[in-house]
Amino acid sequence: MAHSARRDSPELPDFSILKRLARDQLIYLLEQLPGKKDLFIEADLMSPLDRIANVSTLKQHEVDKLYKVEHKPVISTSDQLCFLIRPRIQTVKWICDVVNADKVPGKSRRYKIIFTPQKFYACEAVLEEQGIFGDVTIDEWPFYLLPLDDDIISLELPEFFQDNFLAGDQRWVRTAGSALHLLYSLYGPFSKVYGIGRCSKMAYESWREQVEEGEQKARQAEIGNVFLIDRDVDFVTPLCSQVVYEGLVDDIFRIKCGCVEFGPDVTSSDKSVKVMLNSQDKVFSEIRNEHFSNVFGFLSQKARNLQTAYDKRRGMDIKQMKAFVSEELKGLKQEHRLLSLHIGASESIMKKKTKQDFQELLKTEHLLLEGFEIRECISYIEEHINRQVSMVESLRLLCLLSITENGLLPKDYRSLKAQYLQSYGVDHLLTFSNLRQLGLLVEQQPGETLTVMESKVGKLVNDKTAGKLTDAFSSLAKKSNFRALSRKLNLVPKMDEEYDLRVPRDMAYIFSGAYIPLSCKLIEQVLERDGWMGLEEVTRLLNGHEFAVTGSSGVDSKGKNDTQRIILVMFLGGCTYSEISALRFLGREKGYKFIVVTTAITNSSRLLEALLGNHV
C-alpha cells in the first residue's frame, strides 16, 4: 500500500535541534525577568509554543499565569507582565493602553515585550509615540522554524502571503532569509541554490548578506541543494481540490501545527480528541500520501492484521502471555486507537467529499485544466454561485477558470462578477480588486482573445506536422501562460489508458491523474538539468526572476553522495499537503529526500480567505 522508498535513500538530518534551540532561547529571555510573572501570548503563537515549551516548562521558569492576548483590559494582579507577541502595531498599541492604564492609579509594574521572530522599527515607534518606550524592556525571540515532521518545517507565518504578494510589504523577506541562514548554520553549507520568483530572489540575497556578515565555519554538510519558489509562480496547484488523505484531513478538519482535533463524529463518543499527525503515527504515515480512493482498502486490511495479532494470544502459555503483554500489547492498543480514529475520519470525509456534487466538482476542475468544454464549466460555476453552495468554493472555481483561460472574456467576467456580488454581497467588490491585483481573476483585454473557432482548431491540432498552424493561431493573441506552460512541461498527462491510482506513475496521482503540480514539475526539471538551461521559454512565461548559484562548499554538485540527494525546498507564501505528497513521490522515484520548508501550510480556503474583502 504505502510506497516503498528506494533502499539507497539518504537519511534526513535531525531537525529536533531547532526545537531545543528555540526553547533554550525562550527560557533565557524569560529568566531576564527574574521572579514570578504573568505571560500574555498572542493567539496564533499558542499552538507553535505548545510544540516548543509546554505549560509545565514555562511554570518551571516562574511563569505564574498564562493569558491569551485579547485586546481588552488585563485582570492580572502580578507585579511583572511579559508579552510574547508578533510584531503587529495593533497588539503594541494594546500593550501601550495596558501600561498607560496602570499609570493612572500609580500602579508600579515591570513590563517586558518579547517580539517573535523579530521586532520591527514601526513597533518601537508606536511605543515612543505613546510615551511608554522607557517603561518596557524589549527583546526578540528568533523563533524562525518549527519542525512539524521529519521532512516538514514551517515558519508559521500565514500572513506572509497576504503581506508580501498583495500588500507589497516586504518586511517578512528578511525573516525568510534568516530562517534559511539558521538552516545553513546548522546543516550547511549548501552545494547549489536554485530559485524562481521575485520574493525568492530577495530572500536569497538577504541570506547571502547574513552569511557574509557572520564568520564562516567549516562543517559537515547535511543538505545538498536548495530550491526557493514563490507561491505566485503557481497558483493553480493550491486552487485544485485535494484528494490525497493528508490534504483532505487538512481541508475538512484543519491541521494546526501538525496537530488535528477530531470531533465526536470521528471519535464515536461525546468527546473530541487531539491527534499529532506525523511519521510517528504508524497508521497515518502509511496513508498520508495516498489517493483517498485507496485509503479504505488499506485501513480494512490493517484492521484484519491487527485482529490476527490480537488472536495470537490464544493458546499461549503464561510465559508467552507475559512477553506478549510487556512487548506487544501496548503497541497494538495504540495502533488500534489510531486505526479507529483514521477510519472515523475517512468515513467523515466520505460523507462530505464522495457525493455526486464532489464528483461533478472534480470533473469541472479537470475540464478546466485540460481546456475543454469551457462553456459547460461556466454554466456549472454559475449554478454553484446562484445556489450559494460556498462563497470560497465559488471563488476558487472562478480563479481556476481565469488562470487556465488566461483571463475571462469581458462579457463572462461582468456576468460572473455580477452574479457573485448578488449572491454573496457587494462588499466583495474589494475581493475582486484583490484577486485582480494578484492576477487570480482578471478580464481579458481587447486583442488577447482567440475566437471560438480558432481556439477549437488550436486544441484539435496536436501532431508535429501541424504544430506551426497551432502556433499561428496562438500568436493572434497573447498566449495563455498556463496553456503554454502546460504544453511545455506536460502538466496535463494524456489519458491514453485508465490511470491506476493504486500504482501511481507520476506526480499527477495527487490530482487523480489529471494534473502534475507546476511547482513540483519545475523542481524536478531544474534538478534533472542541474539548472535552468533549456527552460528559458518556461521562465519567460513565468516572468523570470530565476537564478542558480553554486555554493562555496567545494562539493561536486554531480556527486552521488547522500548529502547531494537531500534537497531543501522553500515555499514563500505557503505550500499544500498535496505538493508535499508529490515531492515525496518524486523523491522515492529518483532517490532524493525532500525537506519542505514553508512560510505556512496553505490550501485553497486559506489562500482565498486572506483575499476576501469581508474577512470570513
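## Charge patches, salt bridges and burial

Glu205, Glu209, Glu212 and Glu213 gather on the surface of this predicted model in a patch of negative charge. One of these residues, Glu212, is found in helix H8, which spans residues 198-213, and Glu212 is exposed because its relative accessible area is 59%. An α-helix has 3.6 residues a turn, so residues three or four places apart point the same way.

A patch of the opposite sign is formed by Lys68, Arg254, Lys256 and Lys274, which gather on the surface as a patch of positive charge. Within this group, Arg254 is placed in the loop between helix H10 (245-253) and strand E10 (259-262), and Arg254 counts as partly exposed because its relative accessibility is 44%. Arg254 follows H10 and has a positive phi, near 65°. The helix that precedes Arg254 is itself largely enclosed by the rest of the structure, because 7 of the 9 residues of H10 are buried. The buried residues of H10 are Tyr245, Glu246, Gly247, Leu248, Val249, Asp250 and Phe253.

Glu246 of this helix also belongs to a network of salt bridges, in which it is linked with Asp149, Asp151, Arg288 and Arg584. Side chains of opposite charge can pair when their charged atoms come close. In this model the count comes to 32 salt bridges, and three of the pairs are set out below.

| Salt bridge | N to O distance | Relative accessibility of each partner |
|---|---|---|
| Asp64 and Lys65 | 3.8 Å | Asp64 28%, Lys65 40% |
| Asp163 and Arg171 | 3.2 Å | Asp163 13%, Arg171 30% |
| Arg483 and Glu405 | 3.0 Å | Arg483 13%, Glu405 21% |

For the pair of Arg483 and Glu405, whose side chains meet at 3.0 Å, Arg483 lies in helix H22 (residues 481-489) and Glu405 in the loop between helix H17 (391-404) and helix H18 (410-424), so the salt bridge ties together parts that are 78 residues apart in sequence. Arg483 is buried, with a relative accessible area of 13%, whereas Glu405 counts as partly exposed at 21%. In the pair of Asp163 and Arg171, Asp163 counts as buried and Arg171 is partly exposed. Asp64 counts as partly exposed, and its partner Lys65 is also partly exposed.

Two loop residues can be described through their spatial neighbours. Asp150 is found in the loop between strand E6 (146-149) and strand E7 (152-154), where it counts as partly exposed because its relative accessibility is 41%. Although Asp150 and Phe15 are 135 residues apart along the chain, their C-alpha atoms are separated by 7.1 Å. Gly531, by contrast, lies in the loop between helix H23 (518-529) and helix H24 (536-541), and this glycine is buried, with a relative accessible area of 6%. The C-alpha atoms of Gly531 and Phe547 are 8.3 Å apart in space, while the two residues are 16 apart in sequence.

Finally, the cysteines may be considered together with the disulfide count. The structure holds 0 disulfides. Cys82 counts as buried because its relative accessibility is 1%, and Cys199 counts as buried at a relative accessibility of 1%.

Terms used: Residues numbered from 1 in each chain as written. Predicted model: local features only at pLDDT ≥ 70, side-chain atom pairs only at ≥ 80, totals over all residues. Heavy atoms only, no water. Patch = residues over 30% accessible without salt bridge, like charges linked within 9 Å, V, L, I, M, F, W, Y side chains within 5 Å. Areas by Shrake-Rupley, 256 points an atom, 1.4 Å probe, with all protein chains shown as cover. Salt bridge = Lys/Arg side-chain N within 4 Å of Asp/Glu carboxyl O. Lys, Arg positive; Asp, Glu negative; His and termini not counted. Charge placed at Lys NZ, Arg CZ, Asp CG, Glu CD. Helix = DSSP H or I, 4+ residues; strand = E, 2+ residues; numbered from the N terminus. Buried < 20%, exposed > 50% of the residue type's maximum accessible area, 1.4 Å probe, protein only. Disulfide = S-S within 2.5 Å.
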